Structures are given as C-alpha cells and as structure tokens.
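Please find below my comments on the structure under discussion. They are set out as numbered points, for reading alongside the sequence and the coordinates.

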Amino acid sequence: MYVYVYNPQGYAFDSTNYNQIQFTYDGGKSYAKYPLEIMNYCNKSGYEGLFYKFKVTLTDSQRTSILLTLDSSSRVYTVSGIELAVNGTITEYAVGATYIYTGYSLGYGSSAATESTLTCTVDGFDRYLNLDVTHTTYRPNGDYYNGEQSQLDSVFFTIPNEYLELYGELTNVACEWYEYITQPMLVTEDASFYNAVNGLYGRTMSNLSSSYYYMFGMHGITNSTFFKKSASARIASNLEYEDGASYSWGLGNSATIDLDLWFYNFAGAFYTSGESYDSYSVSSEDILAKLQSYSKRLGDTSVCGKYAAALFDSDYTGAGYSGVVDVNVSDVQVLYSNYVTKSWWQKMFGGYDVSTEYDTVQALVSFSENDIESAYAGTHYLFSDLDGLDDAAISELYLIGEGDVESFKTACSEAKANDETVVLMRFASSTYYSAPCTQAMCSSSVSDPHLTLVKDTSTQWGDGDYSAYVFQETVYLNFDIISLTFTSDGQETVIPVVMSPIDLAGGSTPPLEEDYGTSGTSIFMIIVALLLLLLLVIILFPVLPYIVKGVVWVVALPFKGIGAVFRTASKKKDKEPEEKKSKVKKRQEDTPYSEYSREEIEAYLDEIYGDDDF
C-alpha cells in the first residue's frame, strides 16, 4: 500500500517511523496509526521534493487482520490524516477522505486477466474533529515528605455541541504517548554551579574539569562522599517503587533497604538569576527546550526522534511507548497527599508523623454553560461564575495548575460564545520529586576562600542553608488523541481526531517547606530544656531545701544500712565473751570454787569455753 503526498511547501521530511497515517477500513469503528516509510521523492529540477512516495509498513498480524476484514470486491479505507516529521517536529495534516478500491492491478486477482482492472474512487469525508489541546499539571499541596508530591496530568479542549446533540455523551477518548522519567534537573542560585552543570549538556560528571571538585548533597544524606571530578548526588527516592524495587524513605529515619540513585548526569540546569531557589519555578516550555538543546549537543535523537536517551532514567521499566490508551467516562485517577506533623515531644526528641490521604477523581469530564455540573466534587458552577473566583480556587476546583487557570478560563469563555463544550481529560497520575540541595566546590591546587568546602555541606544541611533544588518528573512525549467515542442509547459513534502530537511536561515546583535539618532541632531542644529547668526551679524554690534534704537522706539511706549491718556484726562478736564471763560469774556465785575439786572445776570450764586453751 502506497501513499503519495503533494508537498508544495518543499519540506524535507524526516525518514522516521514517526511518520504515520491514521485510518480505519471497511467501516470499522477503531482508528489506528501505521508507520510510513519514505520510498522516494521528486528530483526533477524546479520540482525537487514536490511529490513524496511513502509505503505503509504493516506487521504480519496487521496485514492479516486487514485482508481478512476487507471485502475483496470493494475495499474501503477511511483516512482521517497523516503525520509527517520535519526536524523532529511532527505535524498532522487532515485528509478526511474515503478511498474505495475495486478490481486489481495486472498480475493480481484473476490469473486470466490481461489488463489492470483496479479503480479508486475518492469520497469526501468531513466527520472528523480538529482539536486544540492544552496541557496542565496539578500537584496537591502538603507538607514536605521525602521530596514527593502526587502529580495529575490533564488536557482540556473544546468540541462543538452539535456532536453531543447528534451522537450523545462523550464516553471515550483514545490517545497515545511515550512515557519517560527525566534524569534530575538542577535549579541553583549559584552561577558557577549552573555554568558547570549546564556546560555538560547532559554528559556525565566525569567531563568536568579536574581542577575543580563538585559535590551535591541533598535529601538529608549525611554520609555523602567527596567525589572529585566525578562528583554526583546521593538521593533516596521511591520513584521506582512501581518497578518493585526496595527503597529508603530517607530523611534519617529507619530505612528498609537503601536504594541509592547516583546521578552521573543532569537532564538540565537552570539559574535563578539572584532569585531564591525556593520561590523559583521552571516553566514546562523551558524544560522541554532544555531537553531539546542538550539532545542536539549530544547528537542523539533516539527518543521520539528529538531527545537523547541519556536525559531519561534508564532504570524506569515503564519507559517508552504506552500503546493506545482508552480514557473512559467511568475511569478514575488516584491522587495522594502526604502530611507530615511534629508533636511537641517530637520537636524535643526527634521524629515525626506522616499521614497519607488518597482521593479519586473522575478521569473524563464534559461540561458546558448549560451543564452546571463542575469537574470536581459535585460543586456547581457556571462558566460565568468563574469570574468571581481567584486562580487558586479555580485550580483546586478543577484540579488544574494555577498557572493554566487563565487558559482554562479563556477556553470556557470561547466555548460559551461558540456553543461548545469543554472537555477535561485527566489521563495520568504519577509521582513528582523535588528536594532541597546543598552544593560544594573546591580547587584541587590552590586554596580559594570564595569556594565552599565539601565538608561544609553537612553543616549547611543541618542549618537549612540550601541554595538549590533538584527535581524529577514524568513526561509524556508525542501525546496524541486518536479518536472520540460518543454514546447514545447504547449506540457508539467514533469520530477521528486530527491533532499534531505534542510533548507534555509539567513546570517545576520548588520543594515544599519543612525543616529536617539537625542543628536547628538541637538548638530548639536546648532552649526548651533550659526554659523548663528555669520554670521548675521557680516553682519548687519554696520547698527546695526540704527536697534537697530528702534527696540527700534517700541517697544516704543505703550507706546507713550498710553501716548498721557492720555494727551489728561487731557487737555480736564482742558480746560472746561477755556472755561466757557472766555464766562463769553466776556459777561462781551459786557454787564457790572451794566446794569443787580441781578436776570438777576444769571439767566445768571445758563445758563453758570448750577446748580453748587459757
């Protein structure tokens, strides 16, 4: 199967599998994409590139499925559009035509045929939608915990109300994307660190100059190692928990099995230009531009035809093509919020409590001026009521990024004027990671007082003296909506969509504020302990002498007991001869010695004193 393209703009199309044609066949409901392979193009002088010839490449299973489905006498292909790439940027061009083939080329069909009987009839086809899609990312607020926030990715667009009137409720959106997690990105207040990391353009840290040593300490890891030019950052994260890997919660509490992610390269670096790191956000446009810039420097466009593989986490097993994803009106997405609290005693002696709250939200929502059911929580708002809400309230109401509220309000306003419905599709939830960072750089040859020694990073962390943050997020590349399905009385109608694939990345969010430093906690404990001691002395001052006397008595009591034991033993020993003497005296008084013979007296004394000599 071949496709011929008229190219009056003279584009030099990329030779890539991302060139695709989208069609269905023999009245099928589902539209699908099939790669286009460039066969050749016009080379005639003055007409270079005016015409391109592409071949539709099919797998064996796709070819078999098509052949078994098609009516051999009349083969019908309904083409909604073709996607062609130029310098990595993919544009979809609407075709909107039905091609009906009858007969066969010479050599095919009947072996008795002496000429070609193949004919093709082209009918117009206008039942497709052009969509202008806007991306938004929402991250619930909550206390800083392990650098994690739940991330909800959504898109919103408008569709004419006539489609809803003709075909019923929107019940399904078929879409596709390529899903990746970025390598860490650095946001720093320090120009020297920015220049060093940005100058790597995604290459490993080993490419830094050997005359300077760099280290990045983050997330409370206190045993960071001094890595010379191959310095990297040690971090504990559960981004790979969905892969089944063991992980550490970090932040100094008891860990299970440490999962150390050694960052040998950064996917991007951004300079705050004097602004504080904790209030600096990087826009989604700047993030994508940085990824493309680094990729060009690296000379690698293996990811989606425009990005370098080194800029993404290779350990994420879910990376790559997601396949066709059906988002149904009955689907939900799960959000979580981590709340970290410290009781008074925990502030004194350390530790904290973490509670995780989960919430489910409807994945596919349609609402218009005449449909007052809002996108979230059953709250009822008309489009006109949005003018009375501030951006933060609208963000929380519809679960969209606060920076996208103006675009959302514009879409609602235009929908009202154009008799359209706004569709909000929450297509994916993931985990966003953002952690504060300390930095150190020193010279290997001479002492430089302006450089921060590596050994100072632990002190900086303890004091909360951060100057940067690192973030990671999930991005959705070549995101494309293929078709919309409407349902009325059990009857489904599939409408193909023409839209150019777009790359989706949320803007960065600085780390949420929470002090997990060590020095600050120690000072707090000392101050509280001194205040308690002073208060105790004041309260007990009137009875303090008695308390001291009692304490001394209690402490001395065991020693008095021991002394008494020794005195008792000594008296007993001294008492024995006295008893013996008293017996002798009494016997003498009762019976004078003269009344006894010498033998009787000695026998009597032996009875008293035993055999002792005397």
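**Notes on the structure**

1. E83 has E92, in β6, as its bridge partner. The model is a predicted one. The wider pairing joins strand β5 (residues 75-86) to strand β6 (residues 89-102), which run antiparallel and share eleven bridges.

2. These two strands belong to an open sheet of seven strands, ordered β1-β4-β3-β2-β5-β6-β7, with antiparallel pairing. The edges are taken by β1 (2-6) and β7 (119-124); each has a single partner strand, so one side of each lacks a neighbour in the sheet. From one strand to the next, the twist averages 35°.

3. Which residues make the nonpolar surface patch of about 360 Å²? The patch consists of Y2, Y4 and M39. M39 lies in strand β3, which covers residues 32-41. M39 counts as partly exposed because its relative accessibility is 38%, and the limits for that class are 20% and 50%.

4. For the protein chain as a whole, the secondary structure amounts to eleven helices and 25 strands. The chain has 614 residues, of which 42% count as buried. The exposed area of the protein chain is about 32,400 Å², with 52% of it supplied by carbon and sulfur atoms.

5. Among contacts in the protein chain with a separation of 6 or more, 69% are accounted for by residues 24 or more positions apart.

Notes. Residues are numbered from 1 along each chain as its sequence is written. This is a predicted model: local features need pLDDT of at least 70, side-chain atom pairs count only at pLDDT 80 or more; totals for chains, interfaces and linings use all residues. Side-chain values use heavy atoms; hydrogens and water are left out. Helices (H or I, at least four residues) and strands (E, at least two) are DSSP runs, numbered from the N terminus. Buried means under 20% relative accessible area, exposed over 50%, partly exposed in between (1.4 Å probe, protein chains only). Contact means heavy atoms within 4.5 Å. Accessible areas come from the Shrake-Rupley method with a 1.4 Å probe; for residues, only the protein chains shown count as cover. Two strands pair if DSSP finds at least two bridges between them. Axes are lines fitted to C-alpha atoms, for helices over the stretch in contact, and angles run from 0 to 180 degrees between N-to-C directions. Patches are made of residues with over 30% relative accessible area and no salt bridge: like charges are joined within 9 Å, nonpolar side chains (Val, Leu, Ile, Met, Phe, Trp, Tyr) within 5 Å. A salt bridge is a side-chain nitrogen of Lys or Arg within 4 Å of a carboxyl oxygen of Asp or Glu.
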